[in-house]
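The following note is offered to a colleague who is beginning to read protein structures. Please keep the model in view while working through the numbered points.

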Amino acid sequence: MIAPAPFVTEPAERARLDTIIQDIVAAVSQVTMASPYELVDLALLRAYVAEIVPDDHDVGGDALGRALELFARHGADVGLFGGTARIGWTVAHLTAGETADQVCASLDAALLRQLAGEWTRDYDLIRGLVGLGVYALERGDAGHALAIRVLDQLERLAHPRGAGVAWRTGPELLPPHQREVAPHGYWNLGLAHGQPGVIALLARYLIRGLEPARTRRLLDAAMAFQLGIPVAAGEHTPAWIADGTDQPSAAGRLAWCYGDLGVAVALHAAGQAAGHPGWCDHALGLARRCARLPLERTHVADAGLCHGAAGATHVFHRLFVASGDAELGAATRTWLTHTLAIRNALPIAGFPQRMTDGTGRWAADASVLTGAAGVALVLAELCSETEPLWSRLLLTDLGCV
């Protein structure tokens, strides 16, 4: 692990990035936000760019307060992205004190009730169990009961498969276009929606000392399956494998959410947590393969964190910080350059989302996951000595204390 230091140090480049961050913050501030999840994204953004754009009027605090009011009025699903866990995670991450504890305690109780019976919903990071575990970890000791309940459910849902265990997503949980190609469900292999997310969460449980014997057994079994996935020479980790077949679906692009780059960050976390250098070496090998891909073969169309250029920049940077690998440092530079190069004249601040619905249209997006706020967080990360602890939300917090 390299010592914390800004990745960008040249004054003119730093000034350029600062200006872009200021542009994003100004543009995001003009967006009318009616959702609590838009508001918590704004709160997170303002907290992490405060060195560059001081929040003199506590815009972030006001946004979080309005998010809590809207959430209390309308309620939500449970997930980390678009649900109860995201509200709680942001409160736990950005605030402290008796009021924050009371808010989170009430959310914890609601989530524990949801987890009391057999879990039949998603197990993933975005909407399911892994995301609830991420929130539980953010709560520290206060989240212990919730973290263990998540572990119970993940253990119950683990299926023997290959040389280890894996987690299946049933057809009832799939969108129609995926159900067409996987009518019996699938085994998802992406960090956002599949097995690598479980691996990354178990790694953090192990580091925290949460039932280490049970956690390590489950992690070892999950890694045995993951490392045994057949990948043809010259190919990459598929997005998923349809249940009842050995037919993989190609990941399609270089991204945090699907494919080798997201897998690499999960496996490196597992190797660090378990003291298993071989897993780290495998992860870095995957990441180097990603670094060597020509840009035209990455199919990256926009800048967002989830599947865009800033997301690739961020993951390469976290792997570089964790390993000191010069090739991954160079990849961070390449993808930063590409992030800036694809800025256009569309809102928000030149970083719209390219829709993946087949239309190819651009859409204004202020969010952390797919929009301009996430781009600003990555640019600020590269300019700061402050660890980007917001990356816990994506399970990319390698090298963070």
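1. D152 has a relative accessibility of 33% and therefore counts as partly exposed, since that class covers values between 20% and 50%. The structure discussed here is a predicted model. The side chain of D152 meets that of R214 in a salt bridge, with an N to O distance of 2.9 Å. D152 belongs to helix α7 (residues 144-157) and R214 to helix α10 (residues 212-227), so this pair ties together parts that are 62 residues apart in sequence. R214, unlike its partner, is buried, because its relative accessible area is 13%, under the 20% limit.

2. The pair just described does not stand alone. Salt bridges with shared partners join D152, E155, E211 and R214 into one network. E211 in this network is placed in the loop between α9 (195-208) and α10. With a relative accessible area of 34%, E211 is partly exposed. The backbone of E211 also deserves attention, as its phi is near 40 degrees, a positive value in a residue other than glycine.

3. H299 should be read alongside E211. Phi of H299 is near 60 degrees, again a positive value in a residue that is not glycine. H299 is found in the loop between α12 (277-291) and α13. Why are such values worth pointing out? Most residues other than glycine have a negative phi.

4. How many salt bridges does the model contain? The count comes to 20. One of them is formed by R343 and D23, whose closest N and O atoms are 3.2 Å apart. R343 lies in the loop between α14 and β6 (353-354), whereas D23 lies in helix α1, so the pair ties together parts that are 320 residues apart in sequence. Both partners are partly exposed: R343 has a relative accessible area of 30%, and D23 has a relative accessibility of 33%.

5. A further salt bridge is made by the side chains of E138 and R392, at 2.8 Å from N to O. This pair links distant parts of the chain, 254 residues apart, with E138 in helix α6 (residues 129-138) and R392 in the segment after α15. Is each partner buried or partly exposed? E138 counts as buried, at 13% relative accessibility, while R392 is partly exposed, at 22%. The value for R392 falls in the middle class because the limit for burial is 20%.

6. The loop between α14 and β6 calls for a second look, since I348 is found there. A cis peptide bond joins P347 and I348, with omega at about 15 degrees. The general rule gives the context: most peptide bonds are trans.

7. Helix α15 (residues 372-383) has 12 residues and reaches 17 Å from its first C-alpha to its last, close to the 16 Å expected at 1.5 Å a residue. Where does this helix sit with respect to the rest of the structure? 12 of its 12 residues are buried, so α15 is largely enclosed by the rest of the structure. The buried residues include A372, G374, L377, E381 and C383. Their packing partners are α1 (11-29), α2 (36-48), α13 (309-323) and α14 (326-341).

8. A72, which lies in helix α3 (residues 59-74), offers a contrast in accessibility to the residues of α15. A72 counts as exposed because its relative accessibility is 67%, over the 50% limit. The C-alpha atoms of A72 and P36 are separated by 9.7 Å, and the two residues are 36 residues apart along the chain.

9. The final point concerns the largest pocket, which holds about 860 Å³ of space. Which residues come closest to its centre? They are Q178, H193, Y258, H307 and T356, out of 32 residues that line this pocket. Helix α8 (176-181) and strand β3 (186-188) each supply at least two residues of the lining. By class, the lining divides into 17 nonpolar, 11 polar and four charged residues.

Technical notes. Residues numbered from 1 in each chain as written. Predicted model: local features only at pLDDT ≥ 70, side-chain atom pairs only at ≥ 80, totals over all residues. Heavy atoms only, no water. 1 Å grid on protein atoms, 1.4 Å probe; cavity = no way out; pocket = protein on both sides within 12 Å on 5 of 7 lines; lining within 4 Å. Points joined across faces, edges and corners; volume = space filled by probe spheres on them. Helix = DSSP H or I, 4+ residues; strand = E, 2+ residues; numbered from the N terminus. Nonpolar A, V, L, I, M, F, W, Y, C, P; charged D, E, K, R; others polar. Expected span 1.5 Å × (residues − 1). Buried < 20%, exposed > 50% of the residue type's maximum accessible area, 1.4 Å probe, protein only. Contact = heavy atoms within 4.5 Å. Salt bridge = Lys/Arg side-chain N within 4 Å of Asp/Glu carboxyl O.
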